[in-house]
Amino acid sequence: MSGGHGHHIGAPEKGSSEVRVVAMSNDPVRLSFLMALLADAGIRAVLLDAHMSAVEGSIGAIPRRLMVADEDEARARQVLRDSGEA
């Protein structure tokens, strides 16, 4: 990797200054489905708080957040609406 900068899994792409929440859920199957919908539409999504269940004791108190780049938010929300998931 050039410039000595490492790539972090789940990090926003270069040029993406902000990310936005497009869905929140404690259901890992639903979140996986939503990520697949977005990926099929060419929208890169990142799941945050996925490992919080280890911290919270699997009680589901902290919902996982599905994030997209700011510039993809409107299109991502439309994809989710069109699929009946918004």
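**View 1. Ser25 and its surroundings.** Ser25 is buried, with a relative accessible area of 11% (buried means under 20% relative accessible area, exposed over 50%, partly exposed in between, using a 1.4 Å probe and protein chains only). This is a predicted model, where local features need pLDDT of at least 70 and side-chain atom pairs count only at pLDDT 80 or more, while totals for chains, interfaces and linings use all residues. Residues are numbered from 1 along each chain as its sequence is written, and side-chain values use heavy atoms, with hydrogens and water left out. Ser25 sits in strand 1 (residues 19–25); helices (H or I, at least four residues) and strands (E, at least two) are DSSP runs, numbered from the N terminus. Its side chain gets to 2.9 Å from the backbone nitrogen of Asp27. Leaving aside residues up to four places away in sequence, Ser25 touches Arg30, Leu31, Pro63 and Arg64, with contact meaning heavy atoms within 4.5 Å.

**View 2. The three-stranded sheet.** Here's an open sheet with strand order 1-3-2 and antiparallel pairing (two strands pair if DSSP finds at least two bridges between them). Strand 1 and strand 2 (45–48) are the edges, each pairing on one side only. From one strand to the next, the twist averages 30°. Strand 1 and strand 3 (residues 64–69) run antiparallel and are joined by six bridges. Val21 stands opposite Met67 of strand 3.

**View 3. Helices against the sheet.** Helix 1 (residues 28–40) packs on the sheet and touches strand 1, strand 2 and strand 3; its direction makes about 10° with that of strand 3. Axes here are lines fitted to C-alpha atoms, for helices over the stretch in contact, and angles run from 0 to 180 degrees between N-to-C directions. Helix 3 (residues 73–82) lies across strand 1 and strand 3, at about 25° to strand 1. Along the chain from the N terminus, the elements go β-α-β-α-β-α.

**View 4. Where to trust the model.** The protein's mean pLDDT is 81, and 72% of its residues reach 70 or more; pLDDT is the predictor's confidence in each residue, from 0 to 100. Confidence bottoms out in helix 2 (residues 52–56), at a mean of 65, and is highest in helix 3, at 97. Over residues 1–9 the pLDDT is below 50, and this stretch has two contacts in the model beyond near neighbours in sequence. Where pLDDT is low, the predicted coordinates shouldn't be read in detail.

Conventions:
A polar contact is a pair of N or O atoms within 3.5 Å; within protein, one must be able to donate a hydrogen and the other to accept it, and residues adjacent in sequence count only if both atoms are side-chain atoms.
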